[in-house]
Amino acid sequence: MNAHDEIEYITFRVDDQLLGIPVREVREVLPEQPVAKVPLAHSSVAGLLNLRGQIVTAIDVRRRLGIEPRADGLERMNIVIGDDGELFSLLVDSVGDVRKVSQSSHAPAPATLSEVWKQCCSGVHRLERGLLVVINTESLVNTERETSCT
Amino acid sequence: MDDLLKDFIIESTEFITGIDQSMVALEKNPTDKDGLNQIFRAIHSIKGACGVFGLSRMEKVAHAAEDVLAKMRDGALPVAPVTVGAVLRAVDIIKEILAGLEVENKEPEGDDSPTLTSLKELLQIASIGSAASASAPAPAPAPAPGADPKPRPQGSLAETSLRVGVEILDSLMNLVGELVLTRNQLTQIVHLDEGSRYQTPIQALNRITSDLQEAVMKTRMQPVGSSWAKLPRIVRDVSIATGKSVELVMSGAETEIDRQILQELQDPLTHCIRNAIDHGIEKPEVRSSAGKNPGGTVKLSAWQEGGHIIIEVRDDGAGVDFERVRRKVVERGLAGSMEAEKLGESELIRFLFEPGFSTAQKVTEVSGRGVGMDVVRSNVEKLGGTVELTSERGKGSVLQIHIPLTLAIVPALVVGVAGQAFAIPQIAITELVRVSDQNRERIEKLHGARVLRLREQLLPLVELRSTLEMKPPNGASNSSAETFIVVTQVGDRQVGLIVDEVFDTQEIVVKPMGRLVRDLSVYSGTTILGDGRVIMILDAAGVANRARALQDSEKSKSEKHSSARDSSVRASRMPLLLFRSGDGAPKAVPLALVSRLEEFPCERIERADGRFMVQYRDHLLPLVPAGEEHTLARSGTPCPVIVFSESAQSMGLWVREILDIVEGESAIERGSGKPGILGLTVVDGRVTEIIDTRYYLTQAHPDWFSGNRVSGRMPASSRKPRILFADGSPFFRELLRPDLEAQGYEVCVEDNARSALKRIDEEGAFDILIAGLDLEGLEDSDLPRRIRRDSPSLKAALIALTDAAGEASAASAREAALRAGFDHCLNKFDRERLMNAIQQAMGDAA
């Protein structure tokens with residue numbers, strides 16, 4: 001891929017931070033779904049949901065990234081991603097549009113990020129207004145590697 | 001992997017499996033030219049393909065085997081164990097290479113020279129032989145062409161069957177599972193809408209879905225015979241190794257069963273067959289002298305019965321030696337000798353499935369290591385099946401494995417805990433108990449409500465809500481009048497799971513757990529209900545283990561609290577039953593001594609001659625008030641009673657209130673010497689009195705501890721038998737010593753192994769050693785062997801005592817004790833078995 005190429009991201013917000021996932025990783029976006037809680041599961045596992053007969057593990061992205069739960073209790077959105085044949089759904093505050101971003105605006109993740117963020121973030125894009133943090137979905141759905149987050 | 005190579009591996013594996021079977025058949029029927037030709041062709045094609053793929057190691061072996069087979073075909077070499085054996089060894093090497101190829105994509109390294117040499121030697125013999133065979137009698141004439149009545153159907157199968165990858169079948173199965181779920185949802189919607197015009201098509205959909213489900217299920221079915229191919233070879237090898245002559249007869253090989261189940265059954269079944277030959281079939285000379293055919297038969301059959309497949313291994317061997325099992329049961333301390341006498345055959349058979357139990361007199365290479373039958377049972381139970389063994393002395397044994405047809409869809413009970421639904425597979429459930437305020441006599445309202453009195457048993461209960469760390473949803477209260485207890489079978493034990501609601505039973509499609517939740521052992525999978533809800537399937541064993549782990553961790557927490565008090569005392573702990581008696585302060589009694597908890601209405605308690613008793617199961621149960629219960633009791637109130645029993649005698653300790661079962665330190669300090677109080681221990685940070693059960697027992701039956709009940713069995717010896725009793729716990733020393741003395745033994749007490757040895761040096765021989773398995777210094781000392789050496793007149797009995805509770809820890813304690821040189825290992829509080837073991841030792845010596 002050369003530097004002039006553009007990458008498409010689905011953008012979403014968690015705690016007012018603009019985040020993005022490459023479009024090719026996303027299967028679909030759904031409104032809030034009923035979730036079956038899994039007692040004793042890791043705190044970032046919000047539960048399981050039924051996507052047309054397939055069981056999807058829902059991940060509470062706020063908890064995963066060590067952010068307080070939302071106070072306003074508004075509905076959350078599901079971003080369904082596929083990983084190794086298994087489906088995960090990321091519970092986020094809101095989903096924005098698809099953004100094309102030039103590869104040249106990519107920068108590595110700032111060294112000052114917290115440990116959890118560093119694990120789950122594969123870099124940032126400098127946009128006209130603010131930063132787009134690129135989420136590494138593979139690390140996000142891997143709760144074993146992370147050390148602390150509640 | 002290269003597709004071509006993959007095909008080669010699949011094809012060659014099939015060939016090779018066929019050869020294994022055909023070689024053994026050939027050995028039995030050496031004139032079967034067709035069989036020999038078939039084997040020859042199979043090896044030949046493998047050899048040919050080796051060149052294409054550059055597999056030089058396999059080519060060499062196949063080539064040598066082919067040469068020998070050619071000579072056998074030409075009659076230059078006989079079909080005999082030595083030639084067949086050599087070819088089979090070559091087949092083994094080819095198998096090994098194929099397996100390696102599949103994993104690493106290249107030939108594994110290995111030294112084949114012994115096999116190659118033996119094959120070459122055979123060839124040399126053949127060339128010498130052919131020179132000499134001019135004078136030898138001609139081999140038996142080959143059957144005339146066309147004499148074989150069964151023409152082999154060749155090629156016909158290939159036209160009607162296809163090779164399909166297993167992953168495609170698995171995904172088909174998944175899709176059908178989902179279709180079933182969708183159909184269920186649809187049916188539910190239409191069900192609410194009477195007279196809907198969708199009714200008819202939905203009914204059709206219903207039927208078609210069921211048919212489709214069945215058809216797809218069938219694609220996953222494999223004939224059981226496909227996993228039997230290896231067995232003739234194993235039987236041949238095992239019978240040669242054990243010097244027996246055994247024929248394996250197989251029937252019902254075409255019976256079909258789910259592929260996954262078949263795979264999981266492979267090892268248990270192989271083990272059962274080995275067992276039948278090694279333990280069941282007798283040596284030819286033994287058989288002949290018993291009037292049997294010198295060659296034994298092992299019959300393996302399979303058939304379908306309802307939704308189950310039954311696989312049976314039947315041998316015509318010696319059958320189970322029940323007397324030997326009985327002796328073994330006593331030796332292992334699994335039952336007292338009197339108790340063991342009463343055990344029936346079916347009960348004795350149960351012990352054969354216990355871990356570490358083997359009646360084989362010696363450990364052979366084939367079996368008898370005591371691992372096996374328990375593994376067979378647990379593997380089969382994991383599949384939702386059962387194992388049954390019946391046996392008749394001298395006639396043989398029959399082992400039956402019952403297995404469900406398929407695993408993917410299981411009936412389950414849907415229950416509610418803290419407002420959330422869970423499924424529990426029916427196969428794990430033995431019964432359902434509803435506990436309401438009206439029948440609360442069935443549940444012991446102990447502090448944490450942890451024991452259910454179910455018929456004669458105290459059933460441990462697990463509160464799902466707390467075990468799963470669930471909080472009730474807002475508003476819902478804990479005060480509902482009803483609780484449900486789902487009684488589940490966890491291995492040998494039963495555990496009651498406390499749930500809030502019971503909904504209904506459903507056929508559920510088990511779906512695997514996602515990888516983030518897969519490690520949670522309390523669940524065995526997930527499923528989607530008819531209404532689309534996702535729910536978790538509970539694993540009863542996992543839940544019970546977690547509940548136990550939670551208890552242990554609480555225990556270690558409280559241990560930390562108390563360790564400051566006296567760090568030198570090793571905090572060994574025992575379960576205590578906590579109760580309140582007349583004067584208010586909680587008291588405790590070791591739970592191991594308690595046989596039952598009862599409640600009697602006050603009116604039923606009778607008073608005669610200053611004593612109390614109650615009609616109880618056609619007997620009069622003497623009651624002793626622990627405090628001033630008889631003056632406090634009001635009519636109409638229930639009177640809680642702790643029952644102690646032994647042999648045929650029972651007594652009830654009448655208390656005011658039963659509080660809880662707790663862990664207390666077994667290190668007990670002597671108390672003030674108050675009658676009825678043995679000492680003090682710390683429970684939850686509070687000093688608690690431990691009652692002296694002996695005091696109350698003798699109040700009810702003055703002769704309880706006197707020797708007269710056993711004196712008849714005491715050897716009429718001129719000197720008192722001497723017992724050396726070493727245990728670290730002062731409480732226990734005090735409990736047992738007077739008891740032993742009352743039975744007429746001379747008892748010396750020590751609290752560690754070193755001083756016990758010193759005692760032997762100073763005072764000479766002892767007849768019996770009773771020692772706590774956790775005795776200080778026991779491991780480094782040679783105490784048991786030392787006693788045995790010094791014991792001149794008697795066969796010394798060496799008895800280890802343990803407070804290990806639970807099947808697994810008791811078994812490992814037993815193992816440790818036997819390793820240390822003890823004869824027996826018994827539970828500390830099992831007085832009856834201990835006395836039996838002592839009596840038996842004295843009896844043996846007399």
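What should the twelve residues of H9(B) span at 1.5 Å a residue? The answer is 16 Å, and the end C-alpha atoms of H9(B) are 16 Å apart, which agrees. Keep in mind through all the views below that this is a predicted model.

**View 1. Helix H9 of chain B, end to end.** H9(B) covers residues 231-242. Its buried residues are Leu231(B), Pro232(B), Val235(B), Arg236(B), Val238(B) and Ser239(B). Yes, there's an arginine on that list of buried residues: Arg236(B). Just past the helix sits Gly243(B), with a positive phi of about 70 degrees.

**View 2. H9(B) packs against H10(B).** A handy reminder for this view: two packed helices are described by the angle between their axes and the distance between the axes. Here the partner is helix H10 of chain B, residues 259-280, and the two axes come within 10 Å and cross at roughly 30 degrees. With angles under 35 degrees counting as roughly parallel, that makes H9(B) roughly parallel to H10(B). The crossing is right-handed. On the H9(B) side, look for Leu231(B), Ile234(B), Val235(B), Val238(B), Ser239(B) and Thr242(B); on the H10(B) side, for Thr270(B), Ile273(B), Arg274(B), Ile277(B) and Asp278(B). Sorted by class, that contact has six nonpolar, three polar and two charged residues. Among the residues that touch H10(B) are Leu231(B), Val235(B), Val238(B) and Ser239(B), and these four also turn up among the buried residues of H9(B).

**View 3. H3(B) and H4(B) run in opposing directions.** Helix H3 of chain B takes in residues 56-74, and its axis comes within 10 Å of the H4(B) axis, crossing at roughly 155 degrees. Angles over 145 degrees count as roughly antiparallel, and that makes H3(B) roughly antiparallel to H4(B). The crossing of this pair is left-handed. H3(B) brings Arg57(B), Met58(B), Val61(B), Ala62(B), Ala64(B), Ala65(B), Val68(B), Leu69(B) and Met72(B) to the contact, and H4(B) answers with Thr83(B), Ala86(B), Val87(B), Ala90(B), Ile93(B), Ile94(B) and Ile97(B). By class that comes to 14 nonpolar, one polar and one charged.

**View 4. Glu109(B), out in a loop.** Glu109(B) lies in the loop between helix H4 (81-104) and helix H5 (113-132) of chain B. Is Glu109(B) buried or exposed? It's exposed, because just 7 other C-beta atoms lie within 10 Å, and 12 or fewer is the cut-off. Arg57(B) is 52 residues away from Glu109(B) in sequence, yet their C-alpha atoms are 8.5 Å apart in space. Arg57(B) is also one of the H3(B) residues that meet H4(B).

**View 5. Two helices of 21 residues, H2(B) and H8(B).** Helix H2 of chain B (residues 33-53) has 21 residues and reaches 31 Å from first C-alpha to last, close to the 30 Å expected at 1.5 Å a residue. Its buried residues are Leu36(B), Ile39(B), Ala42(B), Ile43(B), Ile46(B), Lys47(B), Ala49(B) and Cys50(B). An α-helix has 3.6 residues a turn, so residues three or four places apart point the same way. After H2(B) comes Gly54(B), with a positive phi near 70 degrees. Now turn to helix H8 of chain B (residues 199-219): its 21 residues should span 30 Å, and its end C-alpha atoms are 30 Å apart, which agrees. Just one of those 21 residues is buried, so H8(B) lies largely in the open.

**View 6. Val45(A), with contacts in both chains.** Val45(A) belongs to strand E4 (residues 45-51) of chain A. It counts as buried because 24 other C-beta atoms lie within 10 Å, against a cut-off of 20 or more. Setting aside neighbours within four places in sequence, Val45(A) contacts Val38(A), Thr57(A) and Ile59(A), plus Leu516(B) and Val517(B). Val141(A) is 96 residues along the chain from Val45(A), with 9.2 Å between their C-alpha atoms.

**View 7. Where chain A touches chain B.** Chain B puts 21 residues into the contact and chain A puts in 16. On the chain B side, the elements giving two or more residues are helix H7 (166-192), strand E17 (523-528) and strand E18 (534-538). That side has eleven nonpolar, five polar and five charged residues. For context, chain A has three helices and eleven strands, while chain B has 24 helices and 35 strands.

How values were computed:
Residues are numbered from 1 along each chain as its sequence is written. Chains are lettered from A and ligands numbered from 1 in the order in which they are written. This is a predicted model: local features need pLDDT of at least 70, side-chain atom pairs count only at pLDDT 80 or more; totals for chains, interfaces and linings use all residues. Two residues are in contact if their C-beta atoms, placed from the backbone, lie within 7 Å. Ala, Val, Leu, Ile, Met, Phe, Trp, Tyr, Cys and Pro count as nonpolar, Asp, Glu, Lys and Arg as charged, and the others, Gly among them, as polar. Axes are lines fitted to C-alpha atoms, for helices over the stretch in contact, and angles run from 0 to 180 degrees between N-to-C directions. Angles under 35 degrees count as roughly parallel, over 145 as roughly antiparallel, 65 to 115 as roughly perpendicular and the rest as oblique. A crossing is left-handed if the near helix is turned anticlockwise from the far one by less than a right angle, and right-handed if clockwise. The expected span of a helix is 1.5 Å times one less than its number of residues.
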